[in-house]
Amino acid sequence: MNKLVSVIIPNYNSSLYIEDTINSVLNQSYENIEIIIVDDFSSDGTENLVKKIKKNFEKIKYIKNPKNLGTGFSFLKGLE
């Protein structure tokens with residue numbers, strides 16, 4: 001079996017683009033992936049959109065920061 005590839009998506013208020021971003025990853029030919037979305041306390045409805053998409057894909061993990069901490073911190077949180 002192919003090795004698992006983790007795709008970390010740091011996110012902040014990107015409800016207009018997050019679905020396209022997720023679909024771009026899901027449409028790759030490599031299938032053994034997980035998508036880790038780290039939301040940096042978005043306030044634009046991103047959380048609800050990701051949770052709706054996540055219901056159909058076990059590969060998606062969603063983490064929401066308790067407050068806005070910055071992209072660098074969000075990426076490191078995804079690595080954890």
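**Exercise 1. Work out whether isoleucine 53 is buried or exposed, and what surrounds it.**

Start with the accessibility: isoleucine 53 has a relative accessible area of 10%, so this residue is buried. The cut-off behind that call is under 20%. Keep in mind that we're working with a predicted model here.

Next, place the residue: isoleucine 53 sits in helix α2. Now look for partners, skipping anything up to four places away in sequence; what remains in contact with isoleucine 53 is Glu19, Ile22 and Ile60. Proline 10 makes a handy reference point: its C-alpha atom is 16 Å from that of isoleucine 53, with the two positions 43 residues apart along the chain.

**Exercise 2. Lay out the sheet and say how the helices sit on it.**

Begin with the strand order. The sheet is open, has 3 strands, and reads β1-β2-β3 with parallel pairing. At the edges you'll find β1 (5–11) and β3 (60–64), each pairing on one side only. On average, neighbouring strands are turned by 20° against each other, ignoring direction.

Now zoom in on one pair. β1 runs parallel to β2 (residues 33–39), and the two share 7 bridges. For a concrete example, take isoleucine 9: its bridge partner in β2 is isoleucine 37.

Then add the helices. Helix α2 (residues 46–54) packs on the sheet and touches β1, β2 and β3, its direction making about 155° with that of β3. Helix α1 (residues 18–26) also lies across β1, β2 and β3, at about 160° to β2.

**Exercise 3. Find the largest nonpolar core and identify which element gives the most to it.**

A bit of background first: in soluble globular proteins, nonpolar side chains tend to be buried together.

In this model, the largest nonpolar core has 12 residues, among them Ile9, Ile18, Ile22, Ile37, Val50, Ile53, Ile60 and Tyr62. Sort the members by element and you get at least two residues each from α1, β2, α2 and β3. The top contributor is α1, with 4 residues.

To see the packing from a single member, pick isoleucine 18. Beyond its neighbours within four places in sequence, isoleucine 18 is in contact with Ile9, Asn11, Ile37, Thr46, Leu49 and Val50.

**Exercise 4. Track down the salt bridges and decide which residues they join into one network.**

The count comes first: there are 3 salt bridges in the structure.

Take lysine 61 and glutamate 34, whose side chains meet at 2.9 Å, N to O. Lysine 61 belongs to strand β3 and glutamate 34 to strand β2, so this pair ties together parts 27 residues apart in sequence. As for exposure, lysine 61 is partly exposed at 42% relative accessible area, whereas glutamate 34 counts as buried at 13%.

Move on to glutamate 47 and lysine 51, with their closest N and O atoms 2.9 Å apart. Both are in helix α2, 4 residues apart, which puts about one helical turn between them. Glutamate 47 is partly exposed at 23%, and lysine 51 is partly exposed at 39%.

The remaining pair is lysine 64 with glutamate 47, again with closest N and O atoms 2.9 Å apart. Since lysine 64 is in strand β3 and glutamate 47 in helix α2, the bridge ties together parts 17 residues apart in sequence. Lysine 64 is partly exposed, at 30% relative accessible area.

Finally, check for shared partners: Glu47, Lys51 and Lys64 are joined into one network.

Key. Residues numbered from 1 in each chain as written. Predicted model: local features only at pLDDT ≥ 70, side-chain atom pairs only at ≥ 80, totals over all residues. Heavy atoms only, no water. Pairing = 2+ DSSP bridges. Axes fitted to C-alpha atoms, helices over the stretch in contact; angles between N-to-C directions. Contact = heavy atoms within 4.5 Å. Buried < 20%, exposed > 50% of the residue type's maximum accessible area, 1.4 Å probe, protein only. Core = buried A, V, L, I, M, F, W, Y, C linked by side-chain atoms within 4.5 Å. Salt bridge = Lys/Arg side-chain N within 4 Å of Asp/Glu carboxyl O.
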